[in-house]
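Open the model in your viewer and keep the selection panel at hand. We will go from one strand to its neighbours, then to a helix, and end with the whole chain.

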Amino acid sequence: MERISVAEARRAEAVGRQAELNGWVRTRRDSKSGFSFVELNDGTTLANLQIICDAELANYDSEIRRLSPGCSIRVRGTIKESGGKGQSTEVQAEDVHVYGWADPEQYPLQKKRHSFEKLREWAHLRPRSNTFGAIARVRNSICRSIHDYFLEQDFLYVHTPIITASDCEGAGEMFKVTTLDLEMLAKKSTELDYKFDFFDRPAYLTVSGQLEAEIFATALGKVYTFGPTFRAENSNTSRHLAEFWMVEPEVAFAELPEDMDLAEGLIKRIFADVLNRCGEDMQFFNDRIDDTVLATLTSIAESDFERLSYTEAIALLEKADRKFEYPPQWGVDLQAEHERYLTEEAIGRPVILFDYPSTIKPFYMYVNDDEKTVRAMDVLVPKVGEIIGGSQREHRLDVLERRMREQNLDPDDYWWYLDLRRYGTVPHAGFGLGLERIVQFTTGMGNIRDVIPFPRTPGNAEF
Ligand code: ATP
Ligand code: MN
């Protein structure tokens with residue numbers, strides 16, 4: 001007998017087929033006239049498949065009538081047209097086998113709805129809930145769109161290292177990687193000598209694959225890297241994780257406007273694909289989580305992003321009829337409250353801010369002729385704020401060295417990065433898109449911890 005998924009069995013074309021299905025029981029209802037309805041889910045769709053189990057089945061009294069949420073079963077039977085609402089097919093069971101029971105006295109995911117906070121404590125079970133199943137499928141669709149978008153434009157997918165000796169932002173907030181005996185160090189507090197450490201030097205978990213992506217872009221043209229990144233920032237917010245995924249394209253012979261086009265195109269492609277491929281899941285998010293997500297994604301997929309220089313943004317903020325906790329001021333980094341005002345209220349759709357003061361941005365960004373600003377860009381969206389940060393990179397050796405010194409970095413530590421400017425330097429640009437931020441925006445989920453399978457945040461790494 002052919003094994004098919006719940007998704008396949010729910011299609012009208014499946015009617016008449018004999019098939020085998022495997023999955024988990026969501027609910028069981030017994031009718032008075034001697035048969036039971038079992039709702040089966042296998043993760044391939046949000047919706048369940050209704051299984052009709054007649055009392056004549058051999059194990060009807062001994063097993064089927066004991067099925068409860070979470071039990072795993074195999075069903076063999078015939079797919080029929082269904083009269084029930086919300087479904088076009090159902091299965092008339094001919095054989096039901098129970099793989100595993102789930103004690104209803106103990107299984108945590110009974111019918112009752114749990115808070116997302118509670119579900120975080122059950123990260124091993126929450127994928128079985130409707131919300132987390134839908135998130136997993138939408139996240140998967142987004143990853144596929146990311147690869148499709150770049151590969152269709154002849155980008156090369158490169159893998160940059162997770163362990164690194166360089167700090168991309170020239171700042172702290174990195175996790176250290178070491179094989180030194182920390183207990184010994186803690187007890188003796190002798191001077192640290194990295195000659196005894198695994199890499200003969202301090203090493204860290206990467207905060208970005210950008211610098212290494214630049215190595216490949218300046219040899220192979222258009223590349224992207226997509227993998228986990230780590231930040232030890234102790235920020236307990238609804239949009240920061242200690243471990244998150246980032247996609248980072250890097251394009252040779254490109255300047256900032258092209259970089260912005262690439263970013264805008266990526267976001268629109270992701271939304272168009274999600275609306276196409278995950279209609280049922282998106283309807284669920286619209287009904288249950290945020291009743292604006294469908295309209296928002298549709299309108300973003302079709303409209304142009306506003307492009308606003310940092311200087312123009314500050315002017316808008318200064319004349320805003322609104323009291324900010326931090327008064328906006330040219331030369332000072334924008335706070336989340338400013339970003340949200342711009343995208344939610346002043347503009348009302350995604351905004352790309354560009355040309356930031358050089359003093360608040362890292363050394364590797366291209367310095368404009370005004371000498372005061374650099375070619376940075378951030379993409380801001382309503383509710384989430386920043387989802388992309390990028391820039392045109394400084395490709396002039398002398399300017400880059402000057403910027404490093406200004407930021408108290410030793411150019412010798414970055415000899416290989418400077419070599420890229422010494423030998424056949426080219427203008428180039430790129431950006432970083434936080435995967436979880438875009439999943440958050442797409443689904444309307446309020447907390448970033450609920451859009452990654454196993455969230456890592458200060459104090460949390462159980463699973
Ligand atoms: P923020 O100001 O929001 O903390 P950032 O400016 O430090 O972000 P970048 O260094 O520009 O972030 O990183 C590029 C992208 O990576 C961001 O636009 C965001 O989408 C994502 N990102 C950065 N930090 C985190 C984090 N701690 N958790 C999840 N995503 C993040
Ligand atoms: Mn940023």
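Two strands count as paired if DSSP finds at least two bridges between them. Keep that in mind as you look around this predicted model.

**First stop: β4.** Select residues 72–81, which form strand β4. Seven of the ten residues in this strand are buried, so it is mostly covered, where buried means under 20% relative accessible area.

Now add β1, residues 18–30. It runs antiparallel to β4, and seven bridges join the two. To see where they meet, pick Gln-18 and look across to Thr-78 in β4, which stands opposite.

Next, show β5, residues 89–100. This strand is also antiparallel to β4, with ten bridges between them. For an example, select Val-75 and find its bridge partner in β5, Val-96.

**Second stop: α10.** Move to residues 336–346, the helix α10. Which of its residues are buried? Colour His-338, Glu-339, Tyr-341, Leu-342 and Thr-343 to see them. Their cover includes β12 (306–309) and α9 (310–318), along with strands β13 (351–357), β14 (373–381) and β15 (385–393). After the helix comes Gly-348, which has a positive phi, near 80 degrees.

**Last stop: the whole chain.** Zoom out to a protein chain with 13 helices and 16 strands. Its C-alpha trace spans about 85 × 60 × 45 Å along the principal axes. Of its 463 residues, 52% count as buried. Switch on the surface: the chain exposes about 22500 Å², with 49% of that supplied by carbon and sulfur atoms.

Terms used. Residues are numbered from 1 along each chain as its sequence is written. Chains are lettered from A and ligands numbered from 1 in the order in which they are written. This is a predicted model: local features need pLDDT of at least 70, side-chain atom pairs count only at pLDDT 80 or more; totals for chains, interfaces and linings use all residues. Side-chain values use heavy atoms; hydrogens and water are left out. Buried means under 20% relative accessible area, exposed over 50%, partly exposed in between (1.4 Å probe, protein chains only). Helices (H or I, at least four residues) and strands (E, at least two) are DSSP runs, numbered from the N terminus. Contact means heavy atoms within 4.5 Å. Accessible areas come from the Shrake-Rupley method with a 1.4 Å probe; for residues, only the protein chains shown count as cover.
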